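This report walks through the pockets, domains and selected local features of one protein model. Please keep the sequence and the structure at hand while reading.

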Amino acid sequence: MVHITFRQLQVFETVARHLSVTRAAEELHLTQPAVSMQIKQFESAIGLPLFEQVGRRKFLTHAGHTMRHYSRLMTQQLMEAVEALEELKGIEGGHFKVSVASTVNYYATRILANFCREYPTVRINLDVTNREELLRQLELNETDIVLMGQPPESLDVVAEPFKDNPLVIIAPPGHRLARRRKTVSLAELEGETFITREEGSGTRLAMERSFEDYGISLSSKIELNSNEAIKQSVEAGLGLGFVSAHTLELELELGRLKVLKVEGFPIVRRWYIVHRCGKRLSVAAREFKACVLKGSGGSR
Ligand code: PGA
């Protein structure tokens, strides 16, 4: 009987996915020698090499490809076992992981707060990240439920819309366009500097697509990976911002930012609750999904 551990399978799967020990070590929070050692022990338990180094690149051997096929099946089965056991615990003893686009988080935290008040014993892992990372987690089945903008077309997912997401352009109150009574035309935006979200953000993608549709090119000098940082930079006069109206409540109330009246705006997109087809959601996760679809996060 070959003696292999689940940890070795997990390390192998990560190295096989990245084809890099360095990147696998980063993801697993291990040192590179620790990862190399696990792979070596795994290979010696199996009695065949799983990777080969050609020039500077790493490849899976034939045995590596075969092992990867089975390691995926085993990981899947283990997850299903965990999910089946979760089912036995019912809502109160339940647990689920929800991953949320950073922009959606402004709204999602209200739903979570209501949910936690109702079911205080449910354990929830919340991951707040950008669209690119959400797609990765969905693809690798690393999360139960995702709240995001445009759902992926390349994956088999169940996606249901739960909230409109109006996208607006913001400026500091003293900006010449903020003092304007008349609607600002799209052409007038051409010379403005925009502060944008990072590549991989859903908001950034929506901004690029809509400006392309409107046929305007923008100069963006500053790129930031958080909505809060964008609002602060706009407030400080570094440029105009393109954000979801859901992120703005406080700044508008305090008069720190203005939403510009621009032709064709707001651009209204939608947020979706998404999970993989065939995903066995725990009772608690199903109840959370129902709360999201009911809109139990308040009326904004
Ligand atoms: P973001 O996502 O936080 O990645 O911009 C928002 C969205 O997908 O609508």
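## A pocket between two domains

The second largest pocket takes lining residues from both domain 2 (91-150 + 272-294) and domain 3 (164-270), so this pocket lies between the two domains. The domain bounds come from an automatic or database domain assignment. The model is a predicted one, in which local features need pLDDT of at least 70 and side-chain atom pairs count only at pLDDT 80 or more, whereas totals for chains, interfaces and linings use all residues. Residues are numbered from 1 along each chain as its sequence is written, and side-chain values use heavy atoms, with hydrogens and water left out.

A pocket is defined on a 1 Å grid over the protein atoms alone, as an open set of points where a 1.4 Å probe fits, with protein on both sides within 12 Å along at least five of seven lines; lining residues have an atom within 4 Å of a point. Grid points are joined across faces, edges and corners, and a volume is the space filled by probe spheres set on the points.

The second largest pocket holds about 330 Å³ of space, and of its 24 lining residues, Gly149, Gln150, Asn165, Gly202 and Thr203 lie nearest its centre. Two or more lining residues come from each of helix 6 (131-139), strand 6 (157-171), helix 7 (202-213) and strand 11 (267-276), and helix 7 provides the largest share, with five residues. Helices (H or I, at least four residues) and strands (E, at least two) are DSSP runs, numbered from the N terminus.

## The largest pocket

The largest pocket has a volume of about 1200 Å³, and among its 35 lining residues Thr75, Met79, Leu140, Asn141 and Glu142 lie nearest the centre. Helix 4 (62-89) gives the most to this lining, with ten residues, while helix 1 (6-18), helix 2 (21-28) and strand 3 (95-101) are among the elements that each supply at least two. Domain 1 (6-76) and domain 2 each contribute at least three residues to the lining of the largest pocket, and the C-alpha centres of these two domains lie 30 Å apart.

The table sets out the make-up of both linings. Ala, Val, Leu, Ile, Met, Phe, Trp, Tyr, Cys and Pro count as nonpolar, Asp, Glu, Lys and Arg as charged, and the others, Gly among them, as polar.

| Pocket lining | Nonpolar | Polar | Charged |
|---|---|---|---|
| Largest pocket | nine residues | ten residues | 16 residues |
| Second largest pocket | nine residues | ten residues | five residues |

## The chain and two of its helices

The protein chain contains ten helices and eleven strands, and its C-alpha trace spans about 80 × 50 × 30 Å along the principal axes. Of its 300 residues, 44% are buried, where buried means under 20% relative accessible area, exposed over 50%, and partly exposed in between (1.4 Å probe, protein chains only).

Helix 5 (residues 105-118) has 14 residues and reaches 19 Å from its first C-alpha to its last, close to the 20 Å expected at 1.5 Å a residue; the expected span is 1.5 Å times one less than the number of residues. Within helix 5, the buried residues are Asn105, Tyr107, Ala108, Ile111, Leu112 and Phe115. Viewed down the axis of helix 5, these buried residues fall within an arc of 150°, so they line one face of the helix. The arc is that of the directions from the helix axis to the C-beta atoms.

In helix 6, the residues Arg131, Leu134, Gln137 and Leu138 are buried. These residues cover an arc of only 120° around the axis, which puts them on the same side of helix 6. The exposed residues Glu132 and Glu139 sit on the face of helix 6 turned away from its buried side.

## Backbone features in the loops

Asn141 lies in the loop between helix 6 and strand 5 (145-148) and has a positive phi of about 55° although it is not a glycine. Asn141 is buried, with a relative accessible area of 13%. Leu19, in the loop between helix 1 and helix 2, likewise has a positive phi, of about 50°, without being a glycine, but Leu19 is partly exposed, at a relative accessible area of 33%.

A cis peptide bond, with omega of about 0°, joins Phe265 and Pro266, and Pro266 lies in the loop between strand 10 (258-259) and strand 11.
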